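User: I would like to learn how to read buried charges and enclosed spaces in a structural model. Could you take me through the general ideas, and then through the case at hand?

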Amino acid sequence: MTMINEKNFVALALLAVGSLATPALAQDSSGSQAEKKAPVVKPYANIRYRLELVDQDGIARNATASTLRVRAGLKTGEWNGLSAVVEGEAIVAIGKERFNDTVNGRTQFPVVADPEDILLNQAYVRWNPDSRIEATAGRQAVNLDNQRWIGSVGWRQNDQTLDAVRLSARPVADVSVDYFHAWRVNRIFGTDSPQGIWRNTDIHGLRAGVTIKPLGALSAYGYWLDIPSAPAMSSRTFGVRLSGDQALNQKLKILYTAEYANQQDHGSNPLAADNDYLLAEAGLSAGAATAKIGFERLEGDGSSALQTPLATLHAFNGWSDKFLVTPANGLRDIYADLGYKLGGDGPLKGTVFRLVYHDFRSTRLDIGYGSEWDAVVSVPIRKNITLIGKFARYDAERFSTDTTKAWFSVEAKF
């Protein structure tokens, strides 16, 4: 397949915007009728300021990262089933860069992977002839299931996006099939990092899902990753996932999730790998409160381990991000997760509280890695403005070092 560079993506998306806008405006060259119609192209924006603090043993100085992300785009309305999106973003540091953003050379500070950049975040054309079929081509964010395998890493200031073609079908009610092929991964580290772009990838994903009432949502998937820029991350994975709930009464529900996958080496991977993934989670929901316990196992054999390089990794195995790469001896994570959402009509309505505890060990040799406490409070100030305070404390045993992180952020969407 011919590689498509960033400039070609911009040109393709702008051409689509222009061609889709033209039919609506061409009806009246004087412009009077065009003024009566709804806008064909809709602008949107997202602004997020974040302060991230990191205290990590073994690194000389604490990190203070004050960053602002401005993301803006244009989205067309549909014309004959076609629509397009062009979206750019700028990430800037506010004040002194007292953190290692992975490309600024400030290695005396802990890593906060939010480098300054101005880049094209998304640019794609979508064809949606009816509710059962959708095709998207271009640079796009792709999120599947709970983002354990494929996700856009929305927590960081720069998204992870794919240069890809994606096809989605909903042939009958409660059944879905998704396929995508990606030839480039645009990672969170930005265009200046040697690992910021994985070029010449050959990535395929196939997922089928069905809702089985009253059991829940069942999905099966296969992911084939050939990544020459990171050959040890090349793999083929097949798995199945079930997630659902059962009402015990009007207020109380049982929650459950189970997932199994097997991963083997693929493509340019120099290692012979054959590792399993297992997730078992159970919980209760009582009105605004939820409580869950879980067991997640990413197997390792001492030389290779199950990896999920395209996942939204921050959402799993602790917010201190100690396990973005699974150790060679594998990872076993037993966790408890408590959540509460305020109701009523007060000024804090919709505020979400969450507290999580993790116990980490290896799957091989049963090595005690450490434990972690995580906490977050999310406050919707207005419908389009959210404040977040977040905390993570990792206590190391025989893996990595003690680390404390705190975040304060405000995000506005327009």
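Analyst: Contact here means heavy atoms within 4.5 Å. With that in mind, and remembering that this is a predicted model, we can begin with Arg187, which lies in the loop between β7 and β8 (197–198).

User: Which residues is Arg187 in contact with, leaving aside its neighbours within four places in sequence?

Analyst: Once those neighbours are set aside, the contacts of Arg187 are Asn158, Asp159, Gln160, Gln195, Gly196 and Trp198. With Gln195 there is also a polar link, in which the side chain of Arg187 reaches the backbone oxygen at 3.0 Å.

User: How should I read its charge, and where is the nearest side chain of opposite charge to Arg187?

Analyst: A salt bridge requires a side-chain nitrogen of Lys or Arg within 4 Å of a carboxyl oxygen of Asp or Glu. Arg187 is buried and has no salt bridge, since the nearest side chain of opposite charge, that of Asp321, is 12 Å away.

User: What lies around the largest cavity, and which residues are nearest its centre?

Analyst: A cavity is a space where a probe fits but cannot get out. There are 3 cavities of 30 Å³ or more, and the largest has a volume of about 80 Å³. Its lining consists of 15 residues, with Leu119, Asn186, Arg187, Thr191 and Ile197 nearest the centre, so the buried arginine discussed above is among them. At least two lining residues come from each of β4 (117–130) and β7 (175–186), and β4 gives the largest share, 3 residues.

User: How does the largest pocket read, and which element gives the largest share of its lining?

Analyst: A pocket, by contrast, is an open set of points. The largest pocket has a volume of about 990 Å³, and of the 40 residues that line it, Lys292, Ala315, Trp319, Asp337 and Arg354 are closest to the centre. Several elements give two or more residues to this lining, including β11 (235–247), β14, β16 (352–361) and β18 (385–396), while β15 supplies the largest share, 6 residues.

User: Where is Lys322 placed, and is this lysine buried or exposed?

Analyst: Lys322 sits in the loop between β14 (289–298) and β15 (331–341). This lysine is buried without a salt bridge, and Glu372, the nearest side chain of opposite charge, is 7.9 Å away. A polar contact of 3.2 Å does join the side chains of Lys322 and Ser400. Beyond its neighbours within four places in sequence, Lys322 is in contact with Gln56, Tyr394, Phe399, Ser400, Thr401 and Thr403.

Key
Residues numbered from 1 in each chain as written. Predicted model: local features only at pLDDT ≥ 70, side-chain atom pairs only at ≥ 80, totals over all residues. Heavy atoms only, no water. Helix = DSSP H or I, 4+ residues; strand = E, 2+ residues; numbered from the N terminus. Buried < 20%, exposed > 50% of the residue type's maximum accessible area, 1.4 Å probe, protein only. Lys, Arg positive; Asp, Glu negative; His and termini not counted. Polar contact = N/O pair within 3.5 Å; in protein donor to acceptor, adjacent residues only side chain to side chain. 1 Å grid on protein atoms, 1.4 Å probe; cavity = no way out; pocket = protein on both sides within 12 Å on 5 of 7 lines; lining within 4 Å. Points joined across faces, edges and corners; volume = space filled by probe spheres on them.
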